[in-house]
Amino acid sequence: DAGFFGISPREALAMDPQQRLLLETSWEAIEGAAIDPASLRGSRTGVFVGTTGQDYASLVVNSREDVEGHASTGLANSVISGRVSYTFGLEGPAVTIDTACSSSLVAMHLAAQSLRSGECTLALAGGATVLTTPMSFLGFTRQGGLATDGRCKAYADAADGTGWSEGVGVLVLERLSDARRNGHPVLAVVRGSAVNQDGASNGLTAPNGPSQQRVIRQALANAGLSPTDVDAVEGHGTGTTLGDPIEAQALLATYGNGRDAGRPLWLGSVKSNIGHTQAAAGVAGVIKMVMAMRHGVLPRTLHVDAPSTHVDWTAGDVRLLTEAMPWPETDRPWRAGVSSFGISGTNAHVVLEQALADEPVATTPAVKLDVVPLVMSAKSEKALDAQVERVTGLDGVRELDVACSLASGRARMAHRAVLVDGVEVARGVAVERSLAVLFSGQGSQRLGMGRGLYARFPVFAEAFDAVCAGLDEHLDRPVRDVVWGDDADLLNQTLYTQSGLFAVEVALFRLVESLGVRPEFVAGHSIGELAAAHVAGVFSLEDACALAAARGRLMQALPAGGAMLAVEATEDEVRPLLGDFVALAAVNGPSSVVVSGAEEAVRQIRVHFEALGRRTTPLRVSHAFHSPLMEPLLDDFRKVVEGLVSRTAEIPVVSNRTGEIATREELTSPEYWVRHVRDTVRFWDGIGALRRAGATAFLEVGPDGVLAALTQQSMGEDEQDCVVTPLLRKDRPEETALVTGLARMHCAGVDVHWARLFEGTGAQRVDLPTYPFQREPYWPTPAARTGDVSGVGLTATQHPLLGAAVSVADSGQVLLSGRLSPKAQPWLADHTVDGTPVFPPTAFLELLIRAADQVGCDRVEELALTGQPLLLSATGATAIQVTIGAPDDSGTREIGCYARRDGASDEPWTCHATGRITAAESVADFDASVWPPQDTVPVDLDGFYEDGEGDGDFGPAFRTVRAVWRRGDEVFVEAALPGTGDDAALYGLHPTLLDAAVQTAGFAGVDDSEPLAALTWNGVSLHATGASVVRMRVAKVGEHSVSVAAADAQGVPVLSVESATLGARPMQLAPAAAVDGTTLLRLEWVPVSGGVRGVVADVEASVVVPLVGEG
């Protein structure tokens, strides 16, 4: 998944597959350890990786890809470990170890040492082996070291060699005390380890029994154990006739003596299950024994007919695990040794110990989570869908535990989703956000607000209690009793409305603050600005409570009366109607204002706008707030404010009075808060100020979504760039609304610390599916190897289909030759008829264009197919020749295309196409600078390749059509090579791109009731080369013919065709023609009834099936 790691396709192709696999496996291992991989960036985490080298370099060097800029890092052994450190930002040691088959166990030993010395705080240790060429098979076959059936028969009498396989494994190592403290799951303990060398032994590659004994004894000594403290050994056990007996004797000499009766050492080898993974063999053995301890089972070693007779099994008490068995019960932790021995002579042994679980502490969950959010993320939408499917498909685990595990040990990536009760409550692509928190004003209050949060969240309850205590000192009754009572009229009294809103909003802010939500701005609506000022640090809680209570009390004490009216009008429309008895109370949007004042003055404004057809809504209020009717309380309120202490805001506060970010002088001035009661609430201006300051996320903190709705109305064109959501809704349970609101913020990019939501719930960590990587193949395409043709008197053509050219002496004729192979040119395999690869008609035109260029011609006057399709071998190759005749008086040359099986020198050549080339280049008259052209109608391509042109005959390489527009008998086509389009530079115009013109000719009016093919081409000129994306005009010029003009993505002309005659493409081949002449036999795997157990592979297990005839 190159995109996941930020690696370009070109670099990915140059990367050794071992690097690629280690990136993904390291990520999975870290996730499995309940660690967010992103949290390790900048840490002293080490990477210790074993390798046996690589053969991928030979594939890259012999390919036609241009990867020179990435080859130095992509093919270097040192980068196998360094790539992991670089990609994850790990700053501990990064070491690549090559001790052959002991590499990954040596890596584990060095990682443990690095941890013990304090050199790193965490370590990844493992190994990888990918066999990209047959070299290791060829070499070991010559030495007689490979089993004839490919199976490792470890320690068995039937052992006849090893069986190579591939693998990758990564372990996460941490000091035990650190792992316990950090809450990371401990699967097993590395009790001790050792590494040594055979030295001057019987031979460089021959195992040394005494050295193996010494490394085992040293590992035991380092572990502080005796041989009898170990229950089992995962041996090297490759299945070779030389190595296994030597290893078994060493184990008998070290582990086999002094054991209690009935307590033998049990011996096995994972290589019997998965083969010899070479550099990954050691880590494979460790993983096997860790899982064996966790399941309490010693697994069976396969393919053992009888213990090897080359071993004296009576020399000690060691037994082969020929059947699976329960791990023997002991009065101590279970232990196992793991051995790995390298062909270089480096030996390693590790002693593993069972991880004893901590004694469970019976606790009653302090809180019950009624709403359980499953928080997931990925690097792409497709991966996110896969992650959701994996997680929701889990069985046998509590949803609470799954949710907690997702929240506490997974990286947060851009594509995000949150599910509650199996339903997505939020999904989005997270971007960097600047958060503004908006505190609701009067009118949003409701009975019971905050009660659900109080019962669920201790942080909310503690904050609410503190605010209520501060307010109650200034009220005649407890504010909690009013807010959670049953008297709505009492709550709607200004005194209790403002006090109740202040208490709920401050507690709600403290709750989301505890969940990691950190605003960069705060704002409020009327009384809401007081809550904003408090959380920003302007007022202490004590002073803020005094101010809120005094504000409400003084307003409540005013004579009842006055009116407030919401009007659908702009500020400019309303202002001329204001006077001494009515004021502009609020500007909530571009055409949403509130007027306030004496009833008669307000009524007249209502009549005025209703006559204009505007909406007006009287507000149910006890007093006319923010109007001249507030003037009588201002002096008394000034006295209260002057007795309080104000400070510089720690978070920028947006002023209701100015609609701008408030200055320090404003917020610390008593007069500011006095005029705040009387002046207009410029909420809309405040939203504009927030947007100008960079705010892109708006979270309403209050009992309902009043401000969120006003904010969305105020956005206009900016709405798509912003996210606006309330934390609570009056018609939803509070915990559900809170989680949904946080989920929407999180999916938009606002930080939320979800793990804190599960504190006190009793949630436990469980194993989860790891990241669903969206893998794509990156593999080099073999180059068409022509060698140095100049050495045999030929001229290299630098063309993928035609490798060489030669001038025929004293004739004026020229001959070009080449070799066609779907292996060297994979796109050829994607053009089939009746399941057989067939050379595309557009590719014949490419041959003629190249041939014309060879002799200085720039126009293909005519190309006609002979009706004999050129069938290609799926496994072999086809030789081709293009013959160019001598020029006539006008400079025109006859040309022919011939083919036969490669190497079949006694077979005749078959002519597949003929034509004429000349020097008269056509002039391109296609202007593609405006795209798509004017007055065109887009064509719906839904199912185009599935239902129409596809029909199973076009593979991915020929599915190049991206968009089509139509204008009368003209069709305008956009086509692009799949992938990176690197092949484009090798051709004049890639045949798969030109084929898009043929595929879409039916849209121009040509009868395409049957799939079409080009039978003749006339008047073809190539104007430019190397286009990977083309814009084409295909115009009908006859009943069965079209003209074609092509330009590149910049509108530069590429190719022009005066006429191409189209006909039905053959859908079936004659039986004789369908025969692949190079391969009369094929290998076919036949299922064996009863499974594979007990079946010994031999020659009789393979079936040779004739492709042709009866015999």
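Strands β37 and β38 form a hairpin with two residues between them. In this predicted model, the hairpin offers a convenient entry point, from which the description may proceed to the neighbouring strand, then to a nearby loop, and finally to the chain as a whole.

Strand β37 covers residues 1029–1038 and pairs with β38 in the antiparallel sense over eight bridges. At one position of this pairing, Gly1038 stands opposite Ser1041 of β38. On its other pairing, β38 is joined by six bridges to strand β39, residues 1053–1064, and these two strands also run antiparallel. Here Val1044 has Val1057 of β39 as its bridge partner. The strands β38 and β39 form a hairpin as well, with four residues between the strands, and in this hairpin Gly1051 adopts a positive phi near 90°.

Strand β38 thus takes part in pairings with both β37 and β39. How many of the residues of β38 are buried? The strand spans residues 1041–1048, and eight of its eight residues are buried. In a regular strand the side chains alternate between the two faces of the sheet. For β38, one side carries Ser1041, Ser1043, Ala1045 and Ala1047, while the other carries Val1042, Val1044, Ala1046 and Asp1048. Both faces are covered, and the buried set includes the acidic residue Asp1048.

Strand β37 also leads to an earlier part of the chain. The C-alpha atom of Val1034 is separated by 9.8 Å from that of Gly1002, although the two residues are 32 apart along the chain. Gly1002 belongs to the loop between α32 (991–999) and β36 (1012–1022). Is this loop residue buried or exposed? With a relative accessible area of 17%, Gly1002 falls under the 20% limit and is therefore buried.

The wider chain gives the setting for these elements. Its secondary structure comes to 32 helices and 41 strands. The radius of gyration is 40 Å, whereas the globule rule gives 32 Å for 1111 residues, so the chain is more spread out than a compact globule. The C-alpha trace spans about 115 × 100 × 50 Å along its principal axes.

Buried residues account for 55% of the 1111 residues. Among contacts between residues at least 6 apart in sequence, 75% join residues at least 24 apart. The accessible surface comes to about 47,000 Å², and carbon and sulfur atoms contribute 51% of it. As for charge, the chain has 86 positive and 136 negative side chains, and the centres of the two sets lie 6 Å apart.

Conventions
Residues numbered from 1 in each chain as written. Predicted model: local features only at pLDDT ≥ 70, side-chain atom pairs only at ≥ 80, totals over all residues. Heavy atoms only, no water. Rg over C-alpha atoms; globule rule 2.2 N^0.38 Å. Buried < 20%, exposed > 50% of the residue type's maximum accessible area, 1.4 Å probe, protein only. Contact = heavy atoms within 4.5 Å. Areas by Shrake-Rupley, 256 points an atom, 1.4 Å probe, with all protein chains shown as cover. Lys, Arg positive; Asp, Glu negative; His and termini not counted. Charge placed at Lys NZ, Arg CZ, Asp CG, Glu CD. Pairing = 2+ DSSP bridges.
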